[in-house]
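Colleague: I am new to this structure and should be grateful for a guided reading of it. Please explain the terms as they arise.

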Amino acid sequence: MSESIATQSSSSAARANLIALLTGAIFGIGLAVSGLSDPHRVLGFLDFAGAWDPTLLFVMGSAVGVHALWLRFGPKPEGAKPPRADRVDNRILLGSAVFGVGWGLSGYCPGPSLVALLGIPAEGLVFVPALLVGSLIAGWLNTRAARTV
Amino acid sequence: MSAVLHPWLWGAIGGALIGLSASFAWSWSGRVTGISGLVAGVMRGERNFPLWFLLGLVLAGGWLLQLTTFGSEQPTRAWPMLIVSGLLVGYGTRVANGCTSGHGVCGVSRGSIRSLTATITFVATAALTVFLVRHVLPGGAP
């Protein structure tokens with residue numbers, strides 16, 4: 001009760017950041033143990049014409065199953081609204097198609113590449129800067145397009 | 001260590017942890033755990049949730065890969081290919097507003113047709129790319 005408002009808000013910010021850190025750690029552990037952080041396994045899943053490795057189906061099925069059940073029955077956040085965009089447009093098709101080509105070239109998508117920064121540094125330290133540059137280019141082109149319209 | 005259980009079981013366990021993390025982030029932070037979106041957020045100068053979440057992911061996931069045999073023991077691709085791949089993944093996920101986690105896990109869990117379309121699209125072009133690289137183009141990449 002004697003706590004000042006400033007102290008209260010800074011300790012609640014620290015608490016929120018700690019929750020974010022731990023939530024991220026759970027995500028990272030999940031990426032590591034699932035096999036999603038082994039690009040060879042990912043490429044094995046994507047290779048339908050070779051010795052197909054179904055492990056990723058178990059990863060995605062389990063993740064979607066747990067999260068879908070939680071969204072239905074778990075506690076709702078205060079004030080936050082779920083993403084509402086549900087229009088299939090050219091951006092989502094083009095962007096996803098380009099992303100897939102990149103994913104198929106190496107077996108790395110964004111999450112596992114971040115895990116590789118420490119886990120497989122010889123690859124993560126090359127891939128992640130390129131990913132940041134690619135994202136910056138897309139953001140920059142988008143801003144420019146928005147200005148010219 | 002990774003040999004103790006069947007890889008499919010590790011896959012399901014890891015997937016459940018990813019699903020739980022997405023759930024906790026939604027219920028207690030009101031955030032959607034799309035990794036490409038969080039990375040874009042940090043680049044835009046957002047602090048707090050995106051920064052701390054990604055820090056936890058990088059440290060916990062990275063250390064676990066270092067300490068165990070869950071990671072790859074063989075190198076994947078030479079650096080020029082990693083750079084081309086990284087550029088395409090960074091560009092594509094930003095244009096599509098999401099990647100394997102944002103669309104594939106979070107969006108599909110919500111029943112979003114947009115995210116389901118994105119997921120089918122990137123798995124299809126990724127599979128086509130692997131098919132070309134491994135079975136059509138000369139050189140026979142692993």
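Modeller: Let us begin with burial: a residue is called buried if 20 or more other C-beta atoms lie within 10 Å of its own. The model is predicted, and in it 46% of the 149 residues of chain A count as buried.

Colleague: What makes helix H5 of chain A, residues 110-119, largely enclosed by the rest of the structure?

Modeller: Eight of its 10 residues are buried, so H5(A) is largely enclosed. The buried residues are Pro110(A), Gly111(A), Pro112(A), Ser113(A), Leu114(A), Val115(A), Ala116(A) and Gly119(A).

Colleague: Which residues of H5(A) meet H2(B)?

Modeller: Pro110(A), Gly111(A) and Leu114(A) do so, and their partners in H2(B) are Ile35(B), Ser36(B) and Val39(B). Contact here requires C-beta atoms within 7 Å. The axes of the two helices come within 8 Å and cross at roughly 65 degrees. By class, this contact has four nonpolar, two polar and no charged residues.

Colleague: What are the elements of chain A, and in what order do they run?

Modeller: Chain A has six helices and zero strands, and from the N terminus the order is α-α-α-α-α-α.

Colleague: How does the radius of gyration of chain A stand against that of a compact globule?

Modeller: A compact globule of 149 residues would have a value near 15 Å, whereas chain A has 20 Å. Chain A therefore does not match the globule rule, which is 2.2 Å times the number of residues to the power 0.38. Along its principal axes, the C-alpha trace of chain A spans about 65 × 45 × 35 Å. Among contacts in chain A with a separation of 6 or more, 39% come from residues 24 or more positions apart.

Colleague: How many residues does each chain bring to the contact between chain A and chain B?

Modeller: Chain B brings 97 residues and chain A brings 98. On the side of chain B that touches chain A, H1(B) gives the largest share, 22 residues. The residues of that side divide into 57 nonpolar, 35 polar and five charged.

Colleague: How do you know that the length of helix H1 of chain B is close to the expected one?

Modeller: H1(B), residues 7-29, has 23 residues, and the expected span is 1.5 Å times one less than that number, which means 33 Å. From its first C-alpha to its last, H1(B) reaches 32 Å, close to that value. After H1(B) comes Gly30(B), with a positive phi near 65 degrees.

Conventions: Residues numbered from 1 in each chain as written. Chains lettered and ligands numbered in written order. Predicted model: local features only at pLDDT ≥ 70, side-chain atom pairs only at ≥ 80, totals over all residues. Helix = DSSP H or I, 4+ residues; strand = E, 2+ residues; numbered from the N terminus. Buried ≥ 20, exposed ≤ 12 C-beta atoms within 10 Å, placed from the backbone. Contact = placed C-beta atoms within 7 Å. Nonpolar A, V, L, I, M, F, W, Y, C, P; charged D, E, K, R; others polar. Axes fitted to C-alpha atoms, helices over the stretch in contact; angles between N-to-C directions.
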